[in-house]
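Trainee: Could we go through this structure together, one question at a time? I would like to see how each answer is reached.

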Amino acid sequence: MLKNYLHLLEENIKLIGTKKILLRLHAKQKKSYKEIAIQLGIGESSYRQYIQELAHPPIWFITKLKILDSNIFSKLENTNLKFTARKQITTLPKNLSNDLAYFIGYLHGDGFLGSDKKTVGFSDEYKNQLIKINAICFKIFNKKGKIRKVKSPIGKKGSYHLEIRQNVINSFLHRVFKIPRGFKDHLEISSEIFKNKNFLKFYLMGIYDADGTLPKNPEKVKPNFIDVGVKSKKLMCQIKLALKKFEISTLKLYARKTKSIAGKKFKKPSTIWELRIRRKSEIIRFLKEIGFNHPIKKKRMKKLQKKLGL
C-alpha cells in the first residue's frame, strides 16, 4: 500500500467524496459555520460549501482543517475518493501494482511529464505499444489520452505520440514518485518499487520496453546482446543494482556521446549512459526473469529465445 500522499498533491486539486467526514468534523466543533470560518481564516460561504460538498474542497482547504483535526488526511485516505482539477474526474491508486510499476518504468524511458503541470506524454514508433500504455493508464487512473502520428526529423516512417492531459495524474506522478517535469535529468527508482522484487521486475520490463535494445534478427547476429540506454547516470546505476537482485550481471557503464536524441539536436554533445548484457548465461537469465512485453521487441525476444534453445 502506498503511503498517504494526499497532502503532497498540488493545493488546487479538489477531492470528491468528503462530505460525511467533513460534516462529522464540523459537528464535533460545536460552533457555527461563521465561527469556524473565522478560525480558519476563510469566508463563511466558502467554508459552508466545502463542508457540505456543495463545491468540491481543494487540498489547500483540507490542509487548513488540520487546525481542527491533525489526522484529517489519514481519515480521508480510507474513503473512496475521486479527484478533479477542473471538470475531468479521475481516480488515483492506493496500492502499488504491476501495472503501475510498468507504467512508471515506461514513463522513465519513452515518456515525460509536461512542465505545464497537465500533460503526461509518451512516444513510440509503434502504435500498438501506445494503445497498450493507454489501456494501462485507464486501468490505473480511469483516464485515457489521445494518440496521434507525428513526423520524425530523422526518419521517413515517423512515430506516434500519446498525450494524456490531466492535472491530477501529472501531480501524482511528480509529487509521489518524484518524476521531474520537463527534462528528465534526475530520475530515480522509488524505494517502494526498488525494495519489492516483483514490482521491480515490471519496472525493469517497462524501461527495457522503452529504451532497451536486442537484435532484430538474432539468427544473423553474433554476438547476442541486450542493452539499455538512458541520460541519467544515477538511474542507470540503480538499474544495474536492480538487475543484480535477479542475479543478472552486466558490463561496466558505458558513456556514449551524442549530438541528438530522438531527432533533437544539441549544441554540445550529450551523454547517454548504456548498460550492456553480453554473456550468454546473463542474457538467458534476463529473458527468463524479466523479458520484454513491447509488441515488436517481444517478437524479437522469441527469435532470440529460439536461437538460445529456450
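Mentor: Happily! Let us start with a cut-off: a residue is buried when its relative accessible area is under 20%, and exposed when that value is over 50%. Keep in mind that this is a predicted model.

Trainee: Which residues of helix α12 are buried?

Mentor: Helix α12 covers residues 280–289. Applying the cut-off of under 20% relative accessible area, we get the buried residues of α12: E282, I283, I284, F286 and L287.

Trainee: And which residue just after α12 takes a positive phi?

Mentor: Look just past the end of α12 for a phi of about 75°. The residue there is G291.

Trainee: Is K302 buried or exposed?

Mentor: K302 sits in helix α13, residues 295–307. It also belongs to a positive surface patch, together with K220, K298, K299 and K303. Its relative accessibility is 53%, and exposed means over 50%, so K302 counts as exposed.

Trainee: Now the strands. Why is β9 described as largely enclosed by the rest of the structure?

Mentor: In general, the side chains of a regular strand alternate between the two faces of the sheet. In β9, I226, V228 and V230 point one way while D227 and G229 point the other way, and all are buried. Strand β9 is therefore largely enclosed, the count of buried residues being 5 of the 5.

Trainee: Which residue of β9 is the bridge partner of G212?

Mentor: Strand β8 (residues 212–213) is joined to β9 by 2 bridges, and the two run antiparallel. Within β9, the partner of G212 is V228.

Trainee: Which residue of β7 is the bridge partner of G121?

Mentor: G121 has a neighbour in β4 too, as F112 stands opposite this glycine of β5. Strand β5 (residues 119–124) is mostly covered, with 5 of its 6 residues buried. With β7 (residues 159–165), β5 pairs in the antiparallel sense over 6 bridges. In β7, the partner of G121 is E163.

Trainee: Which residue has a positive phi in the turn of the β4 and β5 hairpin?

Mentor: Strands β4 (residues 111–113) and β5 pair antiparallel over 3 bridges. The hairpin leaves 5 residues between them, and the one in the turn with a positive phi of about 65° is K117.

Trainee: Last one: which are the edge strands of the open sheet with the order β1-β2-β3?

Mentor: This sheet has 3 strands with antiparallel pairing. An edge strand here pairs on one side only, and that holds for β1 (14–16) and β3 (89–90). The edge strands are β1 and β3.

Definitions and conventions:
Residues numbered from 1 in each chain as written. Predicted model: local features only at pLDDT ≥ 70, side-chain atom pairs only at ≥ 80, totals over all residues. Heavy atoms only, no water. Patch = residues over 30% accessible without salt bridge, like charges linked within 9 Å, V, L, I, M, F, W, Y side chains within 5 Å. Areas by Shrake-Rupley, 256 points an atom, 1.4 Å probe, with all protein chains shown as cover. Salt bridge = Lys/Arg side-chain N within 4 Å of Asp/Glu carboxyl O. Lys, Arg positive; Asp, Glu negative; His and termini not counted. Charge placed at Lys NZ, Arg CZ, Asp CG, Glu CD. Helix = DSSP H or I, 4+ residues; strand = E, 2+ residues; numbered from the N terminus. Buried < 20%, exposed > 50% of the residue type's maximum accessible area, 1.4 Å probe, protein only. Pairing = 2+ DSSP bridges.
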